[in-house]
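Please open the structure in your viewer, show the side chains as sticks, and keep the selection panel at hand. The tour goes from one selection to the next and says what is there at each stop.

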Amino acid sequence: MHIRIEAETRRGLRIIGEIPHIPLCRIEGYNGIGKTNAIKLLRLCTGDQPFSGFDHSWKTFRNQLKSAHVEVTGLYGAQKLEWLIDTSRWPDSAEPLGELIGTIRIDGRAASQRDVSPLLSVHHVMAADTPVSVLTERITTAQKRIHDWDTEVGSHRQEEVELALGELQQRISESNPSQLGRDLSITSEAEKLAKSLADQLTEARKHVMLLDRAVETHTQLTQVRGRGPEMDQKIHELIERLQSLDARRQELDAQIANASAQKHLNEKAEKEFENAQKYLIRHDKTVRAVRSKLGRLAAAAGVEPSESALTAARRELSQQLNSLLEQQPRVHATPMLVNLLESLIINLESAELEDLGDTVLISGDEEGEAWTVTGLRKAFRRRVETLSEETPSADAEQLTQQIERTRNRLGDIAQVQRAVGELEAAQTTLAKAEERLLKATKGLPEQTARTLEDLMQARTSLDKETRAVQGDHARLSHAREILGGGKTEDTLAAELVQLCREADVEVARLRGQRDKRQNELEELTRREAQASQQAALARRTSEDRVSKVKETAHFLTESSEVAWLRRAVPAITSLPGLSASDQAEVLMEVAAVIDKARDSLLSTYSSLRGMETALSRLGSRIRQPDGLAGTETASDKVAKLWLAEEVRQWFDSDVVREALFDGAQDVELDADSLQLSWTGADGELNERPLASFSSGQQAFAYTQAQVARLDRDKNSANRLIALDEFGSFIDSKNMSALASYLQARQAQAPHDQVLVILPLEISPELASLNGETNERVNALRQRGYFAEAFQL
């Protein structure tokens with residue numbers, strides 16, 4: 001590459017104007033001519049800051065440079081790169097200028113600093129540095145790179161990745177896939193238990209019903225044996241009396257008919273009397289039928305067939321029904337409340353096992369009591385006991401039966417009330433029929449009318465007596481029907497034997513066995529209700545868990561936000577075709593991968609920051625070898641290995657090893673003592689402190705190390721490598737070795753231009769007397785320096 005610099009300066013600042021296109025170039029000139037300033041300006045143009053940490057020198061350079069035009073040609077990848085430098089916008093502190101450098105053009109087109117870096121970089125190697133200072137600088141640079149990357153990129157990136165992984169893990173955790181198997185198992189067991197108890201309850205109910213029937217039959221048999229014959233006798237007597245009354249009524253009807261058949265005053269009166277008599281007989285039968293029905297209904301309802309008694313009974317039953325209906329919600333809710341409290345008690349007991357009994361769960365107000373884990377558990381236990389005591393016998397089932405019986409009784413009373421109304425209507429009609437018959441008798445002869453009136457009064461008395469006997473008969477017949485269910489003693493005895501055989505119980509132990517089974521039924525009813533509610537709760541829980549697992553699986557397989565996760569964990573793509581349980585297994589695998597990634601992320605960044613700290617300690621150790629050394633960490637060991645490798649690469653050249661170590665191949669550095677060791681040609685182990693090499697040896701080794709590092713870190717198509725101040729430190733032997741090394745590497749880096757900057761060794765006058773070429777003399781006289789190929 002060919003470099004031209006046109007600079008306008010003030011107050012003595014000088015910058016050489018040209019660096020010719022010589023791949024391995026030597027520039028030699030007067031001190032202060034501007035050789036080093038030219039390299040610094042070129043570093044500024046390519047985005048570097050040579051004055052970093054030296055703000056005063058930076059301000060002096062900036063103030064003395066007014067403007068400049070820098071042009072570089074002969075580049076690989078571009079024909080011409082140029083800068084029009086304006087220092088008026090340069091900052092006060094020494095920091096990379098970026099776009100503040102001025103105007104940049106590449107092949108005549110406007111460009112930015114980012115476009116320059118891939119094309120050209122400038123590197124300045126100073127021979128005045130010692131190995132210790134070089135190592136310290138390398139350590140500081142590495143430490144700064146880690147720190148800057150962590151501050152500018154790393155921490156933010158870590159937060160982004162951690163946030164993304166944390167959100168994913170939280171989403172999976174919320175679906176709690178690890179709990180799904182347990183929930184499904186609990187649901188299955190709860191449903192099995194509920195079904196088993198339901199089946200047991202069905203059989204228990206059948207058995208209790210069988211025992212109830214047997215007890216009822218036994219009671220009926222006892223009643224029939226005690227009162228049956230007497231009641232049958234009384235019923236028989238009432239039937240005979242009714243038959244007798246009916247015969248007397250028929251006789252009276254016949255007498256009335258005979259009396260009416262005697263001579264009337266006229267045919268019309270006779271006809272009217274006959275019709276009135278028939279009308280009376282018909283409605284008399286209706287009244288007797290309604291009265292008999294009323295008697296049966298009243299006996300069945302167990303109430304007097306009067307309006308006042310019926311009203312009082314209906315009011316009492318209505319109040320009883322309302323009370324039962326008010327109990328119904330509480331009775332139905334009690335098993336669920338008991339189950340909920342039992343679940344809470346179990347969790348609180350688990351907390352007590354973890355020594356959390358005295359932990360306050362609910363803070364009280366100024367006057368209220370604070371609730372601890374133990375206090376709340378005891379309060380819940382007391383409430384469970386209270387609810388259990390409040391729960392009616394046989395729980396909701398018995399309450400439902402009581403409500404049904406009460407409603408049936410209300411229905412029976414309503415029927416009695418309707419029958420009372422029917423009787424009142426029939427009696428009214430009968431009274432009208434009697435009045436009609438009475439009027440019809442007025443059309444008869446006086447003696448006939450008087451006879452009929454006597455007969456009618458006798459019949460009325462007979463009807464009144466018949467009604468009384470019918471009422472007694474209805475009540476006694478209903479009582480007899482209730483007694484033994486209307487069955488005979490033999491029938492009831494046979495039924496009792498059959499029922500006891502089916503119930504597998506002896507007659508003598510029937511009632512005791514029925515009471516025992518009834519108590520067992522009540523407990524089984526309560527357990528079945530709780531088990532049913534627990535199964536429903538478990539089913540809802542597992543269904544909710546399945547829904548969340550499927551929702552999470554759908555998100556992982558479909559969302560574009562986590563396409564990267566699907567690439568990292570291919571098993572996610574199989575989720576849509578899996579069952580909920582298998583999906584939960586995959587989700588747990590994904591969660592484990594994410595958890596491992598989070599640990600790895602934390603470990604990586606912790607190691608990175610640990611390395612920064614280790615490099616800092618290593619730098620201090622090198623600067624102060626006699627200082628106190630703390631406990632060595634894993635990062636300290638890695639930092640030392642890195643440093644040893646850096647030094648090894650310094651000497652990874654046949655030319656260097658031949659010049660400094662007689663060609664040894666096993667040059668190593670002890671990072672603690674800064675001792676170099678190698679095996680000599682005689683097979684003996686040689687050790688030597690790095691600082692004990694001569695200045696020329698140090699400069700040669702440092703130069704080779706710096707160039708080797710640049711070869712490893714190459715990131716620009718073209719590079720200018722300036723080796724400065726070598727004449728003061730490197731003797732002719734090492735200078736010759738350096739020239740050989742640089743010429744050897746030129747073939748591997750054809751687009752690099754190496755510039756060896758040397759101080760002027762002889763004045764133009766002496767050069768002319770000694771026979772030096774006129775080109776050197778002319779260049780020194782015109783520009784104060786000359787440039788030529790570097791070779792010895």
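Begin by selecting Glu8, a residue that is partly exposed, with a relative accessible area of 40%. The model on your screen is a predicted one, and every distance and angle given along the way is computed from it.

**Stop 1: from Glu8 to its partner**

Keep Glu8 selected and add Lys66, because the side chains of these two residues meet in a salt bridge, with 2.9 Å from N to O. Lys66 lies in strand E4 whereas Glu8 lies in strand E1, so the bridge ties together parts of the chain that are 58 residues apart in sequence. Lys66, at 34% relative accessibility, counts as partly exposed. If you colour every such pair in the model, the count comes to 25 salt bridges, and two further examples between helices follow later in the tour.

**Stop 2: helix H2 and the rings around it**

Strands E1 and E4 remain useful here, since, together with helix H1, they are included in what covers the buried residues of H2. Which residues of H2 are buried? Select Trp58, Phe61, Arg62 and Gln64, which are the buried residues of this helix.

Now add Phe51 and Trp90 to the selection, and look at the rings: ring pairs link Phe51, Trp58, Phe61 and Trp90 into a cluster. The structure as a whole holds 4 aromatic pairs. Within the cluster, Phe51 and Phe61 form a tilted pair, in which the centres are 5.1 Å apart and the planes make an angle of 40 degrees. This pair links distant parts of the chain, with Phe51 in the loop between helix H1 (35-45) and helix H2 (55-64), and Phe61 in helix H2 itself, 10 residues apart. Both Phe51 and Phe61 are buried, and you may therefore need to hide any surface display before their rings can be seen.

**Stop 3: helices H4 and H14**

Next, select Trp149 and Tyr605, whose ring centres are 6.0 Å apart and whose planes stand at 20 degrees, so that the pair is stacked. Trp149 is in helix H4 (residues 131-175) and Tyr605 in helix H14 (residues 580-623), so this pair links parts of the chain that are 456 residues apart. Are the two residues buried or exposed? Trp149 is partly exposed, with a relative accessible area of 37%, whereas Tyr605, at 8% relative accessibility, counts as buried.

Stay with these two helices and select Glu162 and Arg598, which form a salt bridge with the closest N and O atoms 2.3 Å apart. Here too the pair links distant parts of the chain, with Glu162 in helix H4 and Arg598 in helix H14, 436 residues apart. Glu162 counts as partly exposed at 27% relative accessibility, and Arg598 counts as partly exposed at 23%.

**Stop 4: from H14 to H15**

Move along to Arg617 and add Asp636, because the side chains of these residues meet in another salt bridge, at 2.8 Å from N to O. Asp636 lies in helix H15 (residues 634-650) and Arg617 in helix H14, so the pair ties together parts that are 19 residues apart in sequence. Asp636 counts as buried at 8% relative accessibility, while Arg617 is partly exposed, with a relative accessible area of 38%.

**Stop 5: a charge over a ring, and a network**

Select Arg171 together with Phe555, and turn the view until you look onto the ring: Arg171 lies over the face of Phe555, at 3.7 Å from the ring centre. Then select Asp212, Arg514 and Asp515, which are linked in a network of salt bridges.

**Stop 6: two loop residues with positive phi**

Finish with the backbone, and select Asp107, which sits in the loop between strand E6 (102-106) and strand E7 (109-111). Its phi is near 55 degrees, a positive value in a residue other than glycine, and Asp107 counts as partly exposed at 31% relative accessibility.

For the last selection, take Asp504, in the loop between helix H11 (489-503) and helix H12 (510-558). Asp504 has a positive phi of about 55 degrees although it is not a glycine, and this residue is exposed, with a relative accessible area of 71%.

Technical notes: Residues numbered from 1 in each chain as written. Predicted model: local features only at pLDDT ≥ 70, side-chain atom pairs only at ≥ 80, totals over all residues. Heavy atoms only, no water. Phe/Tyr/Trp six-rings, centres within 6.5 Å; stacked < 30°, edge-to-face > 60°. Helix = DSSP H or I, 4+ residues; strand = E, 2+ residues; numbered from the N terminus. Buried < 20%, exposed > 50% of the residue type's maximum accessible area, 1.4 Å probe, protein only. Lys NZ or Arg CZ within 6 Å of the ring centre and 35° of its normal. Contact = heavy atoms within 4.5 Å. Salt bridge = Lys/Arg side-chain N within 4 Å of Asp/Glu carboxyl O.
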